[in-house]
Structures are given as structure tokens and as C-alpha cells.
Amino acid sequence: MSDTTTRPVDHTGGDGAYGDTVVFQPEPETSDTQAETSAKRGSWSRDLRFMLVVLVAIAALFLAFALVVAFSPDASGIAALAIVAAPIATMVAAYYGISLALRQVAEARRSADAAEARARAAETSARESDAWAAQMESGLRVAVAKLEAARIETRDVQRAAGTPDDFF
């Protein structure tokens with residue numbers, strides 16, 4: 001029988017202190033993964049809306065062209081078609097421009113959020129490195145102090161540690 005079934009273990013700590021066996025649960029989906037999924041879904045819905053707008057515009061232009069051809073295929077009919085087609089084409093172009101700008105803003109926000117998360121991670125890593133360096137320095141000072149108390153030469157230890165002469 002394994003330790004996980006014979007001993008009660010707190011799975012939330014995850015540190016395995018005091019010899020307890022710890023079974024880690026699979027990590028839930030991170031916010032970055034959720035953001036990417038929702039971004040893909042949002043991108044698809046935006047593309048679908050744009051395709052729908054373009055199809056409606058094409059259908060409206062086709063209907064207008066069919067009416068012009070059916071009723072008066074002369075210069076005044078062509079001018080009327082241009083009057084109908086120009087606003088439709090302008091609206092489709094404006095919709096595309098606005099949706100493109102909104103997409104770029106959303107991507108810039110996601111990029112800024114990712115950069116901020118990387119900066120926080122780098123800051124945390126730097127703090128951890130500083131703490132580790134302070135612990136190593138403290139350990140080195142203790143070791144040199146104990147060696148000097150035992151009247152053992154510490155010059156080789158100081159050279160190996162790469163410390164300046166006035167460090168200790």
C-alpha cells in the first residue's frame with residue numbers, strides 16, 4: 001500500500017515536509033491559456049461578423065445591379081447603381097477598418113499584459129537570486145569565522161569564493 005492511502009496528507013501545501021508523500025493535482029488551466037482561447041473565439045466571431053457584413057453588401061449590390069439591368073440599362077441607371085454602391089462599399093470598408101483597429105488594440109493589450117507578467121516574473125526571480133546570494137554570503141562568513149576560530153588558514157577559501165581582501 002502506498003503512503004498516499006495510509007497517511008492523511010494535506011495536498012494543498014505541496015512541500016512534502018516531514019517525509020509525507022505529496023501527490024500534486026494537475027494544475028488548472030491558467031489565465032493565459034483561457035485568454036488565448038477566448039481571443040481565438042473572439043477572433044472567429046469577429047471574422048464571421050465581417051464575412052456576414054461583406055455577404056450582405058454583395059447581396060445588396062447584386063440586387064441593385066439586377067434591378068438596374070431589369071428596368072433601365074442606360075446611363076441614368078448606371079449612375080443610380082453608383083449612387084447605391086458607393087455608400088455600401090464605404091460602409092464595408094469602414095467596418096473593416098474599425099474591426100481591424102479594435103483587433104490591433106486587443107492584441108496590444110494582450111501583449112502588454114504578457115510583458116507585465118514577464119516583468120513580474122523577472123522581478124521575482126531577481127529577488128529570489130538576491131536572497132540566495134545573501135544566504136550564500138552568510139554561509140561563507142560563518143564558514144570563514146569557524147575556520148578562523150579553529151585557527152585554520154582561510155586564504156584559499158577566500159580566493160575560491162572570489163571575495164575581495166577586505167570582505168571579511
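Student: Where do E123 and R127 lie, and how far apart are they in the sequence?

Tutor: Both E123 and R127 sit in helix 3, 4 residues apart, which is about one turn of the helix. Helices here are DSSP runs of H or I with at least four residues, strands are E runs of at least two, and both are numbered from the N terminus. Before we go on, this is a predicted model, in which local features need pLDDT of at least 70 and side-chain atom pairs count only at pLDDT 80 or more, while totals for chains, interfaces and linings use all residues. Residues are numbered from 1 along each chain as its sequence is written, and side-chain values use heavy atoms, leaving out hydrogens and water.

Student: What does E123 form with R127?

Tutor: A salt bridge means a side-chain nitrogen of Lys or Arg within 4 Å of a carboxyl oxygen of Asp or Glu. E123 and R127 form one, with their closest N and O atoms 2.9 Å apart.

Student: How many salt bridges does this rule give?

Tutor: The count is 3. Another one joins R120 to E116, with the closest N and O atoms at 2.7 Å; R120 and E116 are 4 residues apart in helix 3, so about one helical turn separates them. E137 pairs with R141 at 3.1 Å between the closest N and O atoms, and these two are also separated by about one helical turn, being 4 residues apart in helix 3.

Student: How exposed is R120?

Tutor: Relative accessible area sorts residues into buried (under 20%), exposed (over 50%) and partly exposed in between, using a 1.4 Å probe and protein chains only. R120 is partly exposed, because its value is 48%. E116 is partly exposed at 42%, E123 at 48%, E137 at 34% and R141 at 35%.

Student: Which residues in helix 3 are buried?

Tutor: They are G77, L81, I88, V92, S99, A106, L140 and V144. Across the protein, 11% of the 168 residues are buried.

Student: What span should the 75 residues of helix 3 have?

Tutor: The expected span is 1.5 Å times one less than the number of residues. For helix 3, residues 75-149, that gives 111 Å, and the end C-alpha atoms are 109 Å apart, which agrees.

Student: What comes just after helix 3?

Tutor: R151 takes a positive phi of about 60° there. T154 then lies in the loop between helix 3 and helix 4, residues 155-161.

Student: Is T154 buried or exposed?

Tutor: T154 is buried, because its relative accessible area is 6%. Leaving aside residues up to four places away in sequence, T154 touches V144, L147 and E148, where a contact means heavy atoms within 4.5 Å. V144 belongs to helix 3 and is buried at 2%. V144 and R155 are 11 residues apart in sequence, with their C-alpha atoms 9.3 Å apart in space.

Student: How many helices and strands does the protein have?

Tutor: It has 4 helices and 0 strands, in the order α-α-α-α along the sequence. Among contacts between residues at least 6 apart in sequence, 38% join residues at least 24 apart.
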